[in-house]
There are 2 protein chains.
Amino acid sequence: MLSAVEPKLDTDNQTVYFRCIAGCPGKHSIFDVIYTCPSCGSLLEVHHEREPLKKRDASQWKQLFDSRVGTTQWPHGSGVWGMREWVVPALTDDNVVSMFEGNTNLFWAERLGQQLGVPDLWIKLCGNSHTGSFKDLGMTVLVSVVKQMMAQGSPVKAVACASTGDTSAALAAYAAYAGIPAIIFLPAGKVSTAQLIQPVANGAHVLALDTDFDGCMKIVQEVTQDNSIYLANSMNSLRIEGQKTVGIEIIRQFEWEVPDWIIIPVGNLGNISALYKGFQLMMDLGLISRMPRLVAAQAAKANPFYESFKNGFKEKVSMTAQQTLANAIRIGDPVSYAKATKAIVETDGIVEQATENELAAAAAHADLTGMFTCPHTGVALAVLTKLLKRGVIKSDDKTVVISTAHGLKFTDFKVGYHESTLEEVTSQYANPAVHLPARVDAVKAEIEKRLMH
Amino acid sequence: MLSAVEPKLDTDNQTVYFRCIAGCPGKHSIFDVIYTCPSCGSLLEVHHEREPLKKRDASQWKQLFDSRVGTTQWPHGSGVWGMREWVVPALTDDNVVSMFEGNTNLFWAERLGQQLGVPDLWIKLCGNSHTGSFKDLGMTVLVSVVKQMMAQGSPVKAVACASTGDTSAALAAYAAYAGIPAIIFLPAGKVSTAQLIQPVANGAHVLALDTDFDGCMKIVQEVTQDNSIYLANSMNSLRIEGQKTVGIEIIRQFEWEVPDWIIIPVGNLGNISALYKGFQLMMDLGLISRMPRLVAAQAAKANPFYESFKNGFKEKVSMTAQQTLANAIRIGDPVSYAKATKAIVETDGIVEQATENELAAAAAHADLTGMFTCPHTGVALAVLTKLLKRGVIKSDDKTVVISTAHGLKFTDFKVGYHESTLEEVTSQYANPAVHLPARVDAVKAEIEKRLMH
């Protein structure tokens with residue numbers, strides 16, 4: 001489809017490698033079992049040298065990415081691998097582990113935007129995915145790299161994580177697709193089969209240990225010391241490479257126009273770091289000429305990044321996160337703090353928070369306009385409302401809210417809301433069923449009453 | 001993007017209209033409140049006259065549809081409205097009610113196909129959607145038509161259905177998006193808030209009546225006699241127009257190549273009728289030169305179409321459907337029988353069935369290869385296995401299984417399977433968590449044992 005010469009992929013892994021985010025010298029192969037800088041312990045990041053990528057100009061990149069959308073061409077039918085040159089070019093076709101994730105819909109929230117006073121409002125529904133959350137995007141990358149490592153004789157025999165949520169679901173699914181054993185560690189007695197049903201169904205080896213979460217992590221670290229098990233935890237910077245495609249995809253869907261704002265709910269801060277990383281690459285390669293302003297939305301019950309923002313990022317705030325309805329972002333000591341700080345500072349971004357009541361009300365309100373929002377998306381929408389009220393986001397700004405998970409993963413939250421049983425929440429939009437006798441006149445009267453409303 | 005002249009849309013509704021499927025004369029506007037043939041009571045179908053559509057040739061249509069994929073261009077960012085000329089051309093842009101549904105991933109089931117002996121196996125994940133099922137595709141059409149009816153002064157004030165499942169979820173979501181009141185009728189006392197949480201959250205008027213399902217239908221029919229409430233039940237043929245885009249989309253995703261087989265779980269038979277209708281249009285307009293063979297997959301507990309097929313479609317079999325895990329296709333007297341019979345006969349198709357144990361095993365097996373299948377998709381996969389064993393589907397056939405809903409809607413089914421509590425099901429793939437002491441040696445030994453397996 002492209003007339004331009006295909007630039008050679010970096011199959012030797014010379015121009016794409018791990019490096020320390022704190023600036024320590026050294027390049028590490030992304031196919032090595034390494035999670036943090038061996039010199040200083042900081043996070044690593046996958047660095048893509050720009051020169052090889054500049055062999056294509058901006059319009060060629062746009063044309064290439066556009067041409068790959070929505071087909072079954074292997075592996076470009078995936079939203080992530082449609083941008084493979086920007087993700088992990090050294091992966092061979094047969095080591096890509098993909099269920100054609102990504103390419104989720106970005107839709108106009110027409111009525112919600114009108115009601116909130118920001119008509120150009122868009123929702124990026126990352127939860128319309130295999131495992132019901134955006135984590136698929138990172139896991140396709142991580143598991144693909146592991147498959148190639150194993151094909152090249154690495155000692156790795158399995159992948160593992162300590163998680164009871166979206167991470168374990170996504171890891172288990174992609175490992176199952178690849179035929180790689182997955183091991184999930186968790187504290188015994190605290191999680192039901194229902195909560196674990198995704199990794200259980202995907203055949204993961206689920207180990208419930210007689211200890212708490214910290215105890216699990218300790219065991220995991222000891223067990224994985226011989227590099228036979230690859231850790232898919234949030235320190236792992238490969239996942240960021242997949243997640244960064246969300247931002248690029250949004251801009252592609254807008255036909256390469258940059259929105260004014262992107263709001264995303266954050267906990268461990270990997271997702272906002274990933275967004276920024278994608279935009280940075282687009283800037284460097286000339287695909288965009290300005291950054292969208294990024295907004296990190298936190299639950300007030302677990303708001304270390306918000307507190308850090310308030311002190312001007314002078315120091316990293318850590319805390320014990322409290323229970324929140326937005327449980328996937330209940331993180332007191334975010335791993336990707338340094339990367340996320342840069343994302344906020346460099347995009348003239350903002351960190352804002354939402355209380356339990358605010359997030360629940362925002363989610364319920366959005367549902368009344370056709371959505372089915374998870375509590376984290378509720379946090380983002382509540383933050384949007386605040387920033388509109390404060391006049392920070394203007395009524396004619398093009399604004400995107402990233403919805404990180406499918407509401408079907410959070411039916412308990414919604415049932416609780418509509419049965420008015422959630423703590424600290426006033427269910428102002430509760431909509432219980434109306435019980436009626438089976439008589440036409442009674443039914444007609446009830447319908448009439450409501451339509452008059 | 002297209003150099004060809006845009007053919008005028010049929011804004012006057014002269015070449016796209018309802019007609020009786022039994023051949024009674026008469027054209028009815030699709031913007032009229034009419035559900036069945038006024039002469040004979042048969043179903044209606046939306047007929048698209050072919051001549052106006054032939055103003056574009058096959059390659060122009062392909063180019064047009066390809067060009068609209070994956071953008072936010074209104075309303076073409078939707079998989080349904082990207083084919084608007086083939087759906088409801090008379091709809092104006094501002095009456096389209098769309099959350100950019102469709103364009104779901106069609107992915108290669110690499111390991112599952114290898115294991116089953118049909119390597120060219122593909123899964124079309126229609127459940128990766130707003131409301132978690134393929135019903136969104138039909139509802140975007142129905143609700144859009146209603147919006148235009150209301151804009152043109154129709155007496156319609158609300159939409160309604162009697163349903164506790166995917167239909168009510170999709171209707172409520174699209175009505176909420178459009179700001180049109182939705183009314184859901186159901187028998188009181190039999191359905192929990194959890195089962196109804198989608199319409200409840202989307203603000204539908206949920207009426208629980210002191211009667212059974214037949215009693216509800218009777219009341220609904222009386223209440224809607226003055227045409228103030230538009231019925232979104234399965235007799236409504238507008239939904240087929242949206243659903244037919246799934247088949248067209250599959251072929252587009254294969255870069256206009258026709259697969260050998262498409263397997264779909266069926267109950268009321270609207271979905272397979274829709275598939276066939278789309279392919280028929282593609283044949284007539286020259287976009288494809290052969291039909292895929294269609295396979296209708298039924299649960300053995302609710303198999304009237306299978307029984308009809310066995311008697312060579314000599315007569316329609318109706319029955320009282322029994323309880324089945326595949327509850328969305330628990331239908332004893334399918335509405336779209338005549339349309340579906342044609343689909344099977346004309347494509348040299350097949351109807352096959354699966355028992356509870358077969359469907360549960362097929363779903364669990366697929367999950368072990370990375371999927372998260374709903375029980376209906378389990379029916380389709382079990383049928384695939386049977387047809388492979390019988391040599392009907394050959395090992396080198398390109399085969400597509402349509403997954404109709406997201407597994408996240410059926411976590412009870414999966415929990416029941418893995419806790420071995422489902423009736424008539426032997427949980428051969430049950431994968432319970434392993435309880436261990438928090439000791440490195442115990443963990444290592446357990447992992448080693450499983451990896452050896």
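## Loops, a shared strand and salt bridges in a two-chain model

Phe313(B) sits in the loop of chain B that runs between helix H12 (304–310) and helix H13 (337–346). The structure that contains this loop is a predicted model, and the values below should be read with that in mind. The backbone angle phi of Phe313(B) is near 55°, which is a positive value in a residue other than glycine. Is Phe313(B) buried or exposed? Its relative accessibility is 16%, and because buried means under 20% relative accessible area, Phe313(B) counts as buried.

A second residue of chain B can be set beside this one. Asn103(B) also has a positive phi in a residue other than glycine, with a value near 50°, and it belongs to the loop between H3 and strand E3 (106–108) of chain B. With a relative accessible area of 22%, Asn103(B) is partly exposed.

Another backbone feature of the loops is found in both chains. In chain A, the peptide bond that leads from Trp74(A) to Pro75(A) is cis, and its omega is near -15°; Pro75(A) is placed in the loop between helix H2 (58–67) and helix H3 (84–87) of that chain. In chain B, Trp74(B) and Pro75(B) are likewise joined by a cis peptide bond, with omega about -15°, and Pro75(B) lies in the loop between helix H2 (58–67) and helix H3 (84–87) of chain B.

### A strand with partners in two chains

From the loops we can turn to strand E7 of chain A, which covers residues 205–209 and is mostly covered, since five of its five residues are buried. In general, the side chains of a regular strand alternate between the two faces of the sheet. In E7(A), His205(A), Leu207(A) and Leu209(A) point one way, while Val206(A) and Ala208(A) point the other way, and all of them are buried.

Within chain A, E7(A) pairs with strand E6 (residues 182–187) in the parallel sense, over five bridges, and one of the residues involved is Ala208(A), the bridge partner of Leu186(A). E7(A) is also joined by three bridges to strand E13 (residues 434–436) of chain B, and these two strands run parallel. On this side, Ala208(A) has His435(B) as its bridge partner, while Leu207(A) has Val434(B). Ala208(A) therefore has bridge partners in both chains, namely Leu186(A) and His435(B).

### The interface as a whole

How many residues does each chain bring to the contact? Chain A contributes 88 residues and chain B contributes 88 residues. The size of an interface is often given as the accessible area lost when the parts come together. Here the area buried between chain B and chain A is about 7,400 Å², with carbon and sulfur atoms giving 63% of it. On the side of chain B that touches chain A, helix H17 (residues 440–452) of chain B gives the most, with eight residues. Sorted by class, that side of chain B has 47 nonpolar, 25 polar and 16 charged residues. Between the two chains there are 42 residue pairs in polar contact, both residues being at pLDDT 80 or more, whereas the rule finds zero salt bridges across this interface.

### Salt bridges

Side chains of opposite charge can pair when their charged atoms come close. Over all chains, the count comes to 40 salt bridges, and the table gives three examples.

| Salt bridge | Separation of the closest N and O atoms |
|---|---|
| Lys124(A) with Glu249(A) | 2.6 Å |
| Glu241(A) with Lys244(A) | 2.7 Å |
| Arg68(B) with Glu85(B) | 2.9 Å |

In the pair of Arg68(B) and Glu85(B), Arg68(B) lies in the loop between H2 and H3 of chain B and Glu85(B) in helix H3, so the pair ties together parts that are 17 residues apart in sequence. Arg68(B) and Glu85(B) are both buried.

The pair of Lys124(A) and Glu249(A) forms a salt bridge. This pair links distant parts of the chain, with Lys124(A) in strand E4 (residues 121–125) and Glu249(A) in helix H10 (residues 245–253) of chain A, 125 residues apart. Lys124(A) is buried, with a relative accessible area of 0%, and Glu249(A), at 3% relative accessibility, counts as buried.

Glu241(A) counts as buried at 1% relative accessibility, and Lys244(A) counts as buried at 1%. Together with Lys277(A), Glu241(A) and Lys244(A) are linked in a network of salt bridges.

Note on methods. Residues numbered from 1 in each chain as written. Chains lettered and ligands numbered in written order. Predicted model: local features only at pLDDT ≥ 70, side-chain atom pairs only at ≥ 80, totals over all residues. Heavy atoms only, no water. Buried < 20%, exposed > 50% of the residue type's maximum accessible area, 1.4 Å probe, protein only. Helix = DSSP H or I, 4+ residues; strand = E, 2+ residues; numbered from the N terminus. Contact = heavy atoms within 4.5 Å. Buried area = accessible area lost by both parts, 1.4 Å probe. Salt bridge = Lys/Arg side-chain N within 4 Å of Asp/Glu carboxyl O. Polar contact = N/O pair within 3.5 Å; in protein donor to acceptor, adjacent residues only side chain to side chain. Nonpolar A, V, L, I, M, F, W, Y, C, P; charged D, E, K, R; others polar.
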